[in-house]
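This report describes one sheet and the nonpolar core of the structure shown below.

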Amino acid sequence: MEPVYYMEYSESFKIVNEMYTALYKYRNSKAWGPFKIQDIKTRAYEGAKKRWAELKKISRKERLVKVSFYEDSFTCVTGDVTQEFSYGEIECICETDTTLALVADKKRKKEGFIALKKGSVKGKSLADLKEFLLKKCTKAGGSIRHL
């Protein structure tokens with residue numbers, strides 16, 4: 001099956017850090033954690049640093065991230081790890097200057113968030129992808145949170 005949208009980019013610490021920052025800011029807004037605003041950046045950085053160290057143990061090479069968006073779900077392949085998400089799991093779409101972060105609801109047991117590097121959409125525009133995600137991710141409430 002051919003994806004509707006496709007992204008490909010190199011994994012980086014910056015993207016991992018922005019992913020954790022988006023996740024913690026979102027959790028803070030939902031009162032999921034005892035975070036104070038000044039603690040978010042520090043906690044996110046610590047979480048990202050730990051995750052980045054784990055990733056470096058898995059592979060010393062730079063890893064390529066490939067994200068394929070289909071009509072009913074999307075997959076993210078990083079190195080030899082594949083994650084599949086349904087759009088119905090995504091309850092928040094967050095955006096920073098360089099990243100889109102998709103946060104899944106708490107029911108998802110494994111890796112409930114993913115960061116996508118803006119500017120890496122192949123063959124189509126980022127605006128088109130965002131419009132597609134807003135239609136598909138109905139729990140996100142039809143909006144993107146700018147962080």
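## Pairing of β5 with β8

Cys94 has Arg145 in β8 as its bridge partner. Strand β5 (residues 90-95) pairs with β8 in the parallel sense over three bridges. Strands are DSSP runs of E of at least two residues, helices runs of H or I of at least four, both numbered from the N terminus; two strands count as paired if DSSP finds at least two bridges between them.

The model is predicted: local features need pLDDT of at least 70 and side-chain atom pairs pLDDT 80 or more, while totals for chains, interfaces and linings use all residues. Residues are numbered from 1 along each chain as its sequence is written, and side-chain values use heavy atoms, without hydrogens and water.

## The sheet

The sheet is open and mixed, with four strands in the order β7-β6-β5-β8. β7 (113-117) and β8 (144-146) are the edge strands with a single partner each, so one side of each has no neighbour in the sheet.

A hairpin of three residues joins β5 to β6; the two run antiparallel with five bridges, and Glu95 is the bridge partner of Leu100. β6 and β7 are also antiparallel, joined by five bridges, with Leu100 opposite Leu116.

## Burial and core

Six of the six residues of β6 (residues 99-104) are buried (under 20% relative accessible area, 1.4 Å probe, protein chains only). Thr99, Ala101 and Val103 point one way, and Leu100, Leu102 and Ala104 the other.

The largest nonpolar core (buried Ala, Val, Leu, Ile, Met, Phe, Trp, Tyr and Cys joined through side-chain atoms within 4.5 Å) has 43 residues. Helix α1 (residues 13-30) gives the largest share, eight residues.

Terms used: Buried means under 20% relative accessible area, exposed over 50%, partly exposed in between (1.4 Å probe, protein chains only).
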